[in-house]
Amino acid sequence: MSLPSASREPAGEPDDYLERRKLRRGSAGWLLLTGLGVAYVVSGDYSGWNFGLAEGGFGGLAIAMVLMGAMYACMVFALAELSSILPTAGGGYGFARRALGPWGGFLTGTAILIEYVLAPAAISIFIGDYVESLGLFGLESGWPVYLACFVLFIGIHLWGVGEALRFSFVVTGIAVAALVVFALAALPEFDASSLDDIPVDSSAFGASSWLPMGLLGIWAAFPFGMWFFLGVEGVPLAAEETREPARTLPRAIRWSMGILVVLALMTFLTAAGARGSAAVQDAGNPLVEALQPDGEATVLSRIVNYAGLAGLVASFFSLIYAGSRQLFALSRAGYLPRFLSLTSSRRAPYLGLLVPGAIGFALAAGSGNGARMLNIAVFGATISYALMSLSHIVLRRREPELPRPYRTPGGVLTSSVALVLACAALVATFLVDVTAAFIALAVYIVALAYFGLYSRRHLVAKAPEEEFAALAAAEAELARD
């Protein structure tokens, strides 16, 4: 029996193809992976979420945060099951490849790649802003700071995954500890009457002091509610570098999500309640703003300010890791040019790190618009969420007997909730920034043209994701016979 044409490996591929594309296995346990999951997201607690107050007010953003938190919770439970079935570096792309075929895999992988290339570029700009505001070494935000970020942190990744994850764990710990310090410092100043102090737009349908922009404001706040959790879905990308991935990945995903929910509630309530929603809705550094009611810096506000920089570094560093592994997996399987998946003597995908890094630096230096790049990243993220949730539903229906070391609580109902909310969040991106949404859509179309015209005929059968798919096709054919 021959393999499906989309999975047939072209002639002339060297015997050591996979040997030259091997990651360092067993480098991470559940604790490091939990730290990685939190690191992806922690910068979102320090800034970005507060712009949702301007879109929906405190009530609108609160409802959006709860709904987006539900979406992420449902999705990560589904991903925990999928990662226990298919523990490969492809993560969401690998899950969709098995469930939805080559087109579904590429659609998902490309969406994830858009998220993980654009988000570090945006965060490097925010790091530059923090460096300038803190007066560090007299530097101003600009391309030298962005370049230093990419060179330094990509260099650590090239050193090795174990070293990289340990560095990320330490920096993330600092950022999380500072969030706890912030909450304890802001709590005595908490005043519930300050939560709904944004002026009401009386022309908006359903407007009130809690929903000053009306019911539509809830929907417009969806992308900002996501910023408390955006990136946690990247934990499965470490599958091939994890000890006992079938057990470790589900545990790390669940712990990461639990910690992020606590941090989101703690940060959101104390920041808005200490200073007022109106005061922090447009602040580039809302936590520092909340601790400086008179505009004067205090010891605590300076501590939180420096920790905010640590949070940005943690997310920047971790998202570079995620992007490199997604690019590595797509390249190894032939969806993208294969040379991008070559690994060094330390088993680091060096071109998978350098190429996205160069693109990210060029975007940061050329545009300087971090908010727009984050909106483009959110667009890609929501597409991938919908497709990964759909993959869980399809595999549950199509392959119910597939061994599942971990099973999603609620089954397809859980992933169906994630699917519906992800589609709603995708539409919401057009409400917030139409230009960003169409830029992301244009990139998506170009990538799909490349796949349709070239790479779908040059996939590598021996890549793990393709082998899983070929085995499933063979088993299905035997069952029909």
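Leaving aside its neighbours within four places in sequence, which residues is R404 in contact with? They are E81, S84, I85, L395, R396 and E399. The model described here is predicted, and R404 serves as the entry point to it.

**R404 and its surroundings**

R404 sits in the loop between helix 14 and helix 15. Its relative accessible area is 10%, so R404 is buried. Two polar partners are found for the side chain of R404. One is the side chain of E81, with a polar contact at 2.8 Å; another is the backbone oxygen of L402, reached at 3.1 Å. E81 thus appears both in the contact list of R404 and as a side-chain polar partner.

**Overall make-up and confidence**

The protein contains 17 helices and zero strands. Of its 481 residues, 60% are buried. Among contacts with a separation of 6 or more, 83% join residues 24 or more positions apart. The accessible surface comes to about 18000 Å², and carbon and sulfur atoms hold 66% of that area.

The mean pLDDT of the protein is 86, and 90% of the residues score at least 70. Across residues 1-12 the pLDDT is below 50; this stretch has 24 contacts in the model beyond near neighbours in sequence. Among the elements, helix 15 (residues 412-432) has the highest mean pLDDT, 93, while helix 17 (residues 464-480) has the lowest, 64.

**Helix lengths**

For three helices, the span expected at 1.5 Å a residue can be set beside the distance between the end C-alpha atoms.

| Helix | Length | Expected span | End C-alpha distance |
|---|---|---|---|
| helix 5 | 17 residues | 24 Å | 24 Å |
| helix 14 | 29 residues | 42 Å | 42 Å |
| helix 16 | 20 residues | 28 Å | 28 Å |

The expected and actual values agree for helix 5, for helix 14 and for helix 16.

**Burial in helices 14, 16 and 5**

In helix 14, 24 of the 29 residues are buried, so this helix is largely enclosed by the rest of the structure.

Helix 16 (residues 434-453) has a buried set made up of A436, A437, A440, Y444, A447, F451 and G452. These residues cover an arc of only 135 degrees around the axis, which puts them on the same side of helix 16. An α-helix has 3.6 residues a turn, so residues three or four places apart point the same way. The buried residues of helix 16 pack against helix 4 (92-134), helix 14 (370-398) and helix 15. On the other side of helix 16, the exposed residues are I445, V446 and L453. At the N-terminal end, D433 acts as the cap of helix 16, with a side-chain oxygen 3.3 Å from the backbone nitrogen of T435.

Helix 5 (residues 143-159) buries V145, Y146, C149, F150, F153, I154, I156 and H157. They cover an arc of only 150 degrees around the axis, which places them on the same side of helix 5. The face turned away from this buried side carries W143 and V151, both exposed.

**N305**

Is N305, in helix 12 (residues 299-332), buried or exposed? Its relative accessibility is 12%, so N305 counts as buried. Not counting residues up to four places away in sequence, N305 touches Y130, L134, N285 and V288.

Note on methods. Residues numbered from 1 in each chain as written. Predicted model: local features only at pLDDT ≥ 70, side-chain atom pairs only at ≥ 80, totals over all residues. Heavy atoms only, no water. pLDDT = per-residue confidence, 0-100. Helix = DSSP H or I, 4+ residues; strand = E, 2+ residues; numbered from the N terminus. Contact = heavy atoms within 4.5 Å. Expected span 1.5 Å × (residues − 1). Buried < 20%, exposed > 50% of the residue type's maximum accessible area, 1.4 Å probe, protein only. Arc of directions from axis to C-beta. Polar contact = N/O pair within 3.5 Å; in protein donor to acceptor, adjacent residues only side chain to side chain. Areas by Shrake-Rupley, 256 points an atom, 1.4 Å probe, with all protein chains shown as cover.
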